[in-house]
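Open the model in your viewer and keep the selection tool ready. The tour goes stop by stop.

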There are 2 protein chains.
Amino acid sequence: MHSDTSQLLARRERVLSPSYRLFYEEPVHVVRAQGCWIEDVAGRRYLDAYNNVPVAGHCHPRIVAAMARQASLLNTHTRYLTEEPVLLAERLLATLPDALGKVILTNSGSEANDLAIRISRMATGARGVIVTDGAYHGTSDLLQGMSPVTGLPLGQHVYPIRMPEGQCGPEQFAALVGDAIARMESEGVRPAALLVDTIFGSDGAIADPPGFLAGGVDAVRKAGGLFIADEVQPGFGRTGAGMWGFARHGVVPDLISTGKPMGNGQPVAALVMRDEIARTFARNQRYFNTFGGSSVSCAAALATLDVIEDEGLIGNARRIGQRLMAGLGPMVAASPLLTDLRGAGLFIGVQTTSADVATAIVNALRGAGVLIGTAGRSNAALKIRPPLVIRAAQADLLLEAFAQALFEVRNINQ
Amino acid sequence: MHSDTSQLLARRERVLSPSYRLFYEEPVHVVRAQGCWIEDVAGRRYLDAYNNVPVAGHCHPRIVAAMARQASLLNTHTRYLTEEPVLLAERLLATLPDALGKVILTNSGSEANDLAIRISRMATGARGVIVTDGAYHGTSDLLQGMSPVTGLPLGQHVYPIRMPEGQCGPEQFAALVGDAIARMESEGVRPAALLVDTIFGSDGAIADPPGFLAGGVDAVRKAGGLFIADEVQPGFGRTGAGMWGFARHGVVPDLISTGKPMGNGQPVAALVMRDEIARTFARNQRYFNTFGGSSVSCAAALATLDVIEDEGLIGNARRIGQRLMAGLGPMVAASPLLTDLRGAGLFIGVQTTSADVATAIVNALRGAGVLIGTAGRSNAALKIRPPLVIRAAQADLLLEAFAQALFEVRNINQ
């Protein structure tokens, strides 16, 4: 270990809460990043095929410049009239179906999801919330109880559904949601919301078949509940099929939350909802968020939208995603360690035979200078989620490293 | 109204949720800000004597430069080893008593307070939380139930105490906390935490006498609960008596939360706690916050700490605060509309005879180019809380405008 690394590790352990965790047994000591490259303290470069926040690439100069310009001009809140939050809301709404008409800006996907639940319960007068059993929806007290993947106790009136690993048929999903509604109604609880990712992220990148969500959404609406699409991970072009993950499912959510990629690293997030839901909420409650909608955060988000559009990142996500799937397909078919390949655009999941195998592959790739992660109920899935600016040559580098990692790990496991 | 203003207002109403509120009947349409000055679209300058976020002054060039530098180098999260969050935690802890030893970084005071409650309940195994009846502690679902000033229903196991307006004696506060403990224990609930501002902000800037919190803190600890100091408003030098509001009370909290001023406008906040509380929490739960502790947010917070130190802002808060109190004192004594003057440093409350009077003074000051706000259970208190860089000449301008506003409002009320 680099001497600077062991020193910094010791300092970190002294001052940060022990509830923090670092990736990898020997952590990656990062000092700079650009595009899809991350550089460590020893000058070693890693291909970032993990991070879903820097959607436009690390430290995109246009976004940095927009933030710096705004920060030197004005950085204030939504109780004064300023243009930036209005512009951002207009730009967001222009990417969404007409039915979604009102925006609230927050600092994180957690704040957006927490508010989405509060608003849904108020708008429906009901309490029940349906999530998947591998879901992660945020860090707040309310959302921890709706994030079974954490292993923490479920919140009151939370009904998880047990997702299959891999694919989920539309009838199967509708039946699962129907069961959850029946369970809650047998306990005298009515459904307020179905809250799911539009690619099930922490469940292990479950994306297919397109459209499988629709029946479940119908079921919850028939029972009086709303559909909240958690777009924190699939949103902003990651699926390669458009800006938002829900579009692949042919459904229009009642509320959508977004976060991680929205400011390319700047803490900015949003909740968008149908007009009448916003009106019902506003009749009962005001809402103010000190930093939510602040000028610099909006400037970062506006610049991120510009880059996604001007650099054609959704198309790139689709093309490079296809290239990765085409390269990974034969490896999954051939390897006894890999059992499934799934995903959309640059949100790719590879199922392995065990958490040990998945961890070994992640570590071998790190050794080869490629960063990916694990996911899924049993942590046996690999999660490949690079910045959307990844190029063909970088994708090929990833595929080569992946093949090599498989070879190494197979030898270890024999 | 400026034509740009009416156009922007219409656009804003179309896209932002109606739960948003603007200050003033005719909103301030802000286009730039520097130091203590805010400029509107018509080129009119306002003295900012309200905003507690830009503690180092709006758009401080040193903080802007630090953010821009970091944003172009690296902006990543705490699962890689990076120096910025460690440096920030070290710098924060250096301003705090030794007992407070572990840091978690978040995006907002709301996220910090939400987590503080969760940790306190886990560490004590108890549920009861005591707050004041004019308290505001954040936007999350959990914290809305602990913010009686919003008028929303109280959360489960939340016990508000009814604060007197103006001063609160130490025995009085201890008795109020004792009553709340007795109430909860009669319902079979044990106290997890006393959560209060160390200058009671939304209660109407209740600061005195110094030390009045101590007896209440003792009482909650004797009953097994923890003391969470909400430093979101009083922290970072605002009291002029040091970095933190709790120091005026001769108490050391078990946990402190901070937020608003920490990054001079950048969304960054922190929870700091005793080591053993952090260890207990970590035994049961991991914690990860995507943007919390991200490099750019840390760089903004580090630069803000530098400016507070290098520009002597705590001393300035004390001196200008005294100047304002000395100027306001005779006006409060002489005016039949004003009944009390209180505060510490640049956190000043002026009690008026009614919400109408307070609003009329706020509007008259806005007409004179000075921005302040209202607070308190009945919104009858004036809240004066300028950036800590305010100069003597600006304070005098505020005092002149205040005297003039009083004169105008007295005439209106006759």
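Leaving aside neighbours within four places in sequence, which residues is B:T150 in contact with? Select B:T150 and find out. This is a predicted model.

**Stop 1: B:T150**

The contacts are B:Y136 and B:Q144. Show both as sticks. B:T150 itself sits in the loop between α5 (141–144) and β6 (158–161) of chain B. Is B:T150 buried or exposed? Neither label fits: its relative accessibility is 31%, so B:T150 counts as partly exposed. Now add B:A135. B:A135 and B:T150 are 15 residues apart along the chain, and their C-alpha atoms are separated by 8.5 Å.

**Stop 2: helix α3 of chain B**

Select residues 83–94 of chain B. These twelve residues form helix α3. At 1.5 Å a residue the helix should span 16 Å, and the end C-alpha atoms are 16 Å apart, so the two values agree. Colour its buried residues next: B:E84, B:P85, B:V86, B:L88, B:A89, B:L92 and B:L93. What do they pack against? Within chain B, the partners are α2 (61–73), β4 (100–106), β10 (269–274) and α9 (295–310). From chain A comes α1 (3–15).

**Stop 3: helix α9 of chain A**

Switch chains and select residues 295–310 of chain A. Helix α9 has 16 residues here. Its expected span is 22 Å, and its end C-alpha atoms lie 22 Å apart, which agrees. The helix is mostly covered, with 13 of its 16 residues buried. Click on A:G312, which follows α9(A). Its phi is positive, near 60°.

**Stop 4: the two-fold axis**

Show both chains. A turn of 180° with a shift of 0.0 Å along the axis lays chain B on chain A, with an RMSD of 0.0 Å. That is the relation of a two-fold axis. Which residue of chain B comes closest to the rotation axis? Pick B:A68: its C-alpha is at 2.7 Å. Of the interface residues of chain B, 100% are also interface residues in chain A, so the copies meet through the same surface.

**Stop 5: the largest cavity**

Turn on a cavity display. The structure holds seven cavities of 30 Å³ or more. The largest has a volume of about 140 Å³. It is lined by 16 residues. Select those nearest its centre: A:E111, A:D114, A:S140, B:E111 and B:S140. The elements giving two or more residues to this lining are α4 (109–124) of chain A and α4 (109–124) of chain B. Colour the lining by class to finish: four residues are nonpolar, six polar and six charged.

Methods:
Residues are numbered from 1 along each chain as its sequence is written. Chains are lettered from A and ligands numbered from 1 in the order in which they are written. This is a predicted model: local features need pLDDT of at least 70, side-chain atom pairs count only at pLDDT 80 or more; totals for chains, interfaces and linings use all residues. Side-chain values use heavy atoms; hydrogens and water are left out. Copies are superposed by least squares on the C-alpha atoms of residues with pLDDT of at least 70 in both. Contact means heavy atoms within 4.5 Å. On a 1 Å grid over the protein atoms alone, a cavity is a set of points where a 1.4 Å probe fits but cannot get out, and a pocket is an open set with protein on both sides within 12 Å along at least five of seven lines; lining residues have an atom within 4 Å of a point. Grid points are joined across faces, edges and corners, and a volume is the space filled by probe spheres set on the points. Helices (H or I, at least four residues) and strands (E, at least two) are DSSP runs, numbered from the N terminus. Ala, Val, Leu, Ile, Met, Phe, Trp, Tyr, Cys and Pro count as nonpolar, Asp, Glu, Lys and Arg as charged, and the others, Gly among them, as polar. The expected span of a helix is 1.5 Å times one less than its number of residues. Buried means under 20% relative accessible area, exposed over 50%, partly exposed in between (1.4 Å probe, protein chains only).
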